[in-house]
Amino acid sequence: MPETILSKTVLDCAKLTTREINQQLKALASEGIEQVEVVNPAGRHNLAIALEHPITISFQGSVGYYCGGLCDRATIEINGSCGWSVGENLMSGQITVQGNASANAGASAHGGKICILGNAGPRAAISLKGATLIVSGNVGHSSAFMMQQGRFIICGDAGENLGDSIYDGQIFVGGTIKSLGADARLEPMTAQDWELLTQELHPLGLDAKAYEFKKIVCAQELYHFKAKDFSKWKDAY
Amino acid sequence: MCGIAGIIYHNPASYQNLGRDLLSLIQPLESRGPDSCGVALYSDTDTQEPGIYKEVGAVNNLAKKYGLYDVSGSHGIGHTRMATESVVDTNHCHPFTPGSGLSIVHNGQISNYYKLRFKLEQAGVVFETHNDSEAIAHYIHHQLSLGEPLETALEKLLCDIDGTYTFLVATPNKVALVRDKYAAKPAVVYETAEMVAIASEYRALLTLPHFDPTVPLREPDAGEINIWSTVAVTRELLEARS
């Protein structure tokens, strides 16, 4: 369809500075361009940062640190892996990574959805503030550290100190958990939880029932800390 | 922030590429460490000591000044520095070489540096700079001089050295990559039948000549020690020569 070709724009990172790429993406988004393909990202940091209008961006290759950070309503697909802090402080919209993510995936993300169709490194969902982070593979140690709100769905295994110093929110793990952090506890899965997982995973081609999901929430034992309860937090990260 | 990189060849036919490959790796890492740079290149000759080239300034200047693109060897490590706790001069650049053919490049900060230095000085170690990374070099060298194998020395180091560190240590026949227990500093490993390339960031690997994008990359876990040996390769080379 000619319309499809006309509304699709291609940006070549090899010819532009990072600032120019972000300025052009912002300009295209505010002009109402629906779809942009970004080629040759070559692991560059800070791509597609703080876009404030709906736009669909497809990165052809792996990206560096902070990809899609602070975005509001953008849809970003990364056809490759990503570096540290993908979707950091995401406000809304969706980021899908067709590969692995390094450390701090979804750090402090307020809203929207981040899907890692691979493994994520340490500290995934650190300080998550309301977004949904889905990892189809495993996550590293100290994931969901100081998580505050939102949902963190891990289909594979979780590393040490999962949910350490968690305030609120829900973590679901389909595989094994190496250890829980301070103030994180297991809670029985409900029919509602399974419904939620099915809803979230189905669009990614994943069957929630194929995993033995466990639910982790905050034990709330550190909400009102007293010095005599030192043992409750002495092993905190 | 600093940049570290390393190259180990499995195939002696690639030895001629060492200078070119290692400098390709650290060039893009200049943005992580614009102050100074340095490399330790282990040649395939009988000498045990690596060639150390380091100074304040850009990677390209260092490479051109000493003709490093043409240096051959079995393995090497490199560094780009962003100074955080000591002066910027040639002595404080990486790699650090405490002796016995050992060299290290480090990204991070050692938080128990003064205590560590005091202990090592009590054991007779002489420090030449105020760079905390030098303490890592001396610590490993000291452990080796006590008769510990490199593997044990590095396991002990993970307990004894606090702070954030991802570092590479090279000996005349080994290269090791160590990450602290928080995995606070980055590293990416690219391994093929021909070679191992290690860099702080993925984008540095892309500049490697003959980089194969289909090879899965690996990030070492927190507290993980990786050691690659060049002994098997060297032995094969010696047999081929004799």
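A salt bridge here is a side-chain nitrogen of Lys or Arg within 4 Å of a carboxyl oxygen of Asp or Glu. The legends below use that rule on a predicted model.

**Figure 1. Chain B meets chain A without a salt bridge.** Across the interface of chain B and chain A, the rule finds zero salt bridges. Polar contacts are present: five residue pairs, both partners at pLDDT 80 or more. On the side of chain B that touches chain A, seven residues are nonpolar, one is polar and seven are charged. The charged residues on that side form no salt bridge across to chain A.

**Figure 2. Three residues of chain B stand out in the contact with chain A.** Chain B brings 15 residues to the contact, and chain A brings 11 residues. Together the two chains bury about 910 Å². Carbon and sulfur atoms give 54% of that area. Look for Y182(B), Y202(B) and E219(B) in this view. They supply 41% of the area that chain B buries against chain A. No other three residues supply more.

**Figure 3. Chain A has two domains.** Domain 1 covers residues 1-102, and domain 2 covers residues 119-237. Their C-alpha centres lie 28 Å apart. Where do the two domains of chain A touch, and how many residues are in contact? Five residues of domain 1 are in contact with four residues of domain 2. This meeting buries about 360 Å². Carbon and sulfur atoms hold 42% of it. On the domain 1 side, N100(A), A101(A) and S102(A) lose the most area to domain 2. Together they make up 62% of what that side buries.

**Figure 4. Polar contacts link the two domains of chain A.** How many salt bridges are counted between domain 1 and domain 2 of chain A? The count is zero. The rule does find four residue pairs in polar contact, with both residues at pLDDT 80 or more. The domain 1 side that touches domain 2 has two nonpolar residues, three polar residues and no charged residues.

**Figure 5. A salt bridge within chain A joins a helix and a strand.** Side chains of opposite charge can pair when their charged atoms come close. D193(A) and K215(A) form one such salt bridge. Their closest N and O atoms are 3.2 Å apart. That distance of 3.2 Å meets the rule of within 4 Å. What does the pair tie together? D193(A) lies in helix α3 (residues 191-201), while K215(A) lies in strand β11 (residues 214-218), so the pair ties together parts that are 22 residues apart in sequence. Over all chains, the count comes to 13 salt bridges.

**Figure 6. Chain A traced through its helices and strands.** Chain A has three helices and 11 strands. From the N terminus, the elements run α-β-α-β-β-β-β-β-β-β-β-β-α-β. The C-alpha atoms fill a box of roughly 65 × 35 × 25 Å along the principal axes. The radius of gyration of chain A is 19 Å, which agrees with the value near 18 Å for a compact globule of 237 residues.

**Figure 7. Chain B and its overall dimensions.** Chain B has seven helices and 11 strands. Its C-alpha atoms fill a box of roughly 45 × 40 × 35 Å along the principal axes. The radius of gyration of chain B is 17 Å. A compact globule of 242 residues would have a value near 18 Å, so the two agree.

Technical notes:
Residues are numbered from 1 along each chain as its sequence is written. Chains are lettered from A and ligands numbered from 1 in the order in which they are written. This is a predicted model: local features need pLDDT of at least 70, side-chain atom pairs count only at pLDDT 80 or more; totals for chains, interfaces and linings use all residues. Side-chain values use heavy atoms; hydrogens and water are left out. Contact means heavy atoms within 4.5 Å. Buried area is the accessible area (1.4 Å probe) that two parts lose on being put together, summed over both. A polar contact is a pair of N or O atoms within 3.5 Å; within protein, one must be able to donate a hydrogen and the other to accept it, and residues adjacent in sequence count only if both atoms are side-chain atoms. Ala, Val, Leu, Ile, Met, Phe, Trp, Tyr, Cys and Pro count as nonpolar, Asp, Glu, Lys and Arg as charged, and the others, Gly among them, as polar. Domain bounds come from an automatic or database domain assignment. Helices (H or I, at least four residues) and strands (E, at least two) are DSSP runs, numbered from the N terminus. The radius of gyration is taken over C-alpha atoms; the globule rule is 2.2 Å times the number of residues to the power 0.38.
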